[in-house]
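Let's take a walk through this one, starting with the overall layout and ending with the charged pairs. Keep the viewer open as you read.

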Amino acid sequence: MERELNSNTIFGHLANFISSGEIKVTDLMSLSHYKELKKIIPTKSFDNLSDLKHQIDDKYSYGEIRLVLDELA
């Protein structure tokens with residue numbers, strides 16, 4: 001049986017392996033995006049992921065933002 005998975009679903013599944021150390025954040029996103037988001041996110045005030053996404057550059061994906069938010073938490 002073949003399942004249809006979109007890239008966000010796959011990204012989310014892979015992200016689950018970060019806490020175990022099997023995958024690094026930078027395996028799923030560029031080092032430059034990672035460093036930039038680690039600097040940008042703490043300077044923003046937001047209610048949810050969508051709110052934050054609308055405040056920053058479109059070059060960052062929801063998945064990338066979520067990964068850095070999880071790490072900063």
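Let's begin with one charged residue: Glu71 has a relative accessible area of 35%, so it counts as partly exposed. We'll get back to its partner below. Keep in mind that this is a predicted model.

Now zoom out. The chain has five helices and zero strands, so the pattern along the sequence reads α-α-α-α-α. Drop a box around the C-alpha atoms along the principal axes and you get roughly 45 × 25 × 20 Å. Of the 73 residues, 26% are buried. The accessible surface comes to about 5,300 Å², and carbon and sulfur atoms own 49% of that. As for contacts between residues at least 6 apart in sequence, 43% of them join residues at least 24 apart.

What about the inside? In soluble globular proteins, nonpolar side chains tend to be buried together. Here the largest nonpolar core has 15 residues, and the ones touching the most other members are Met29, Leu37, Ile41, Ile56, Ile65, Leu67 and Val68. Helix 2 (25–28), helix 3 (31–40), helix 4 (49–55) and helix 5 (62–72) each give two or more residues to this core. Helix 5 supplies the largest share, three residues. Ile41 is a good one to click on: leaving aside residues up to four places away in sequence, Ile41 touches Phe46, Leu52, Ile65, Val68, Leu69 and Leu72.

On to the charges. The chain carries 9 positive and 12 negative charges, with their mean positions 7 Å apart. Side chains of opposite charge can pair when their charged atoms come close, and this structure holds three salt bridges.

Take Glu36 and Lys59, whose closest N and O atoms are 3.1 Å apart. Glu36 sits in helix 3 and Lys59 in the loop between helix 4 and helix 5, 23 residues apart, so this pair links distant parts of the chain. Both ends are partly exposed: Glu36 at 27% relative accessibility, Lys59 at 43%.

Next is the partner of Glu71, namely Lys38, with the closest N and O atoms 3.3 Å apart. Because Lys38 lies in helix 3 and Glu71 in helix 5, the pair ties together parts that are 33 residues apart in sequence. Lys38 is partly exposed too, at 33%.

That leaves Lys53 and Asp58, whose side chains meet at 3.9 Å, N to O. Is each end buried or exposed? Lys53 has 10% relative accessibility, under the 20% cut-off, so it counts as buried. Asp58, at 67%, is over 50% and therefore exposed.

Conventions. Residues are numbered from 1 along each chain as its sequence is written. This is a predicted model: local features need pLDDT of at least 70, side-chain atom pairs count only at pLDDT 80 or more; totals for chains, interfaces and linings use all residues. Side-chain values use heavy atoms; hydrogens and water are left out. Helices (H or I, at least four residues) and strands (E, at least two) are DSSP runs, numbered from the N terminus. Buried means under 20% relative accessible area, exposed over 50%, partly exposed in between (1.4 Å probe, protein chains only). Contact means heavy atoms within 4.5 Å. Accessible areas come from the Shrake-Rupley method with a 1.4 Å probe; for residues, only the protein chains shown count as cover. Lys and Arg count as positive and Asp and Glu as negative; His and the chain ends are not counted. The place of a charge is taken as NZ of Lys, CZ of Arg, CG of Asp or CD of Glu. A nonpolar core is a set of buried Ala, Val, Leu, Ile, Met, Phe, Trp, Tyr and Cys residues joined through side-chain atoms within 4.5 Å. A salt bridge is a side-chain nitrogen of Lys or Arg within 4 Å of a carboxyl oxygen of Asp or Glu.
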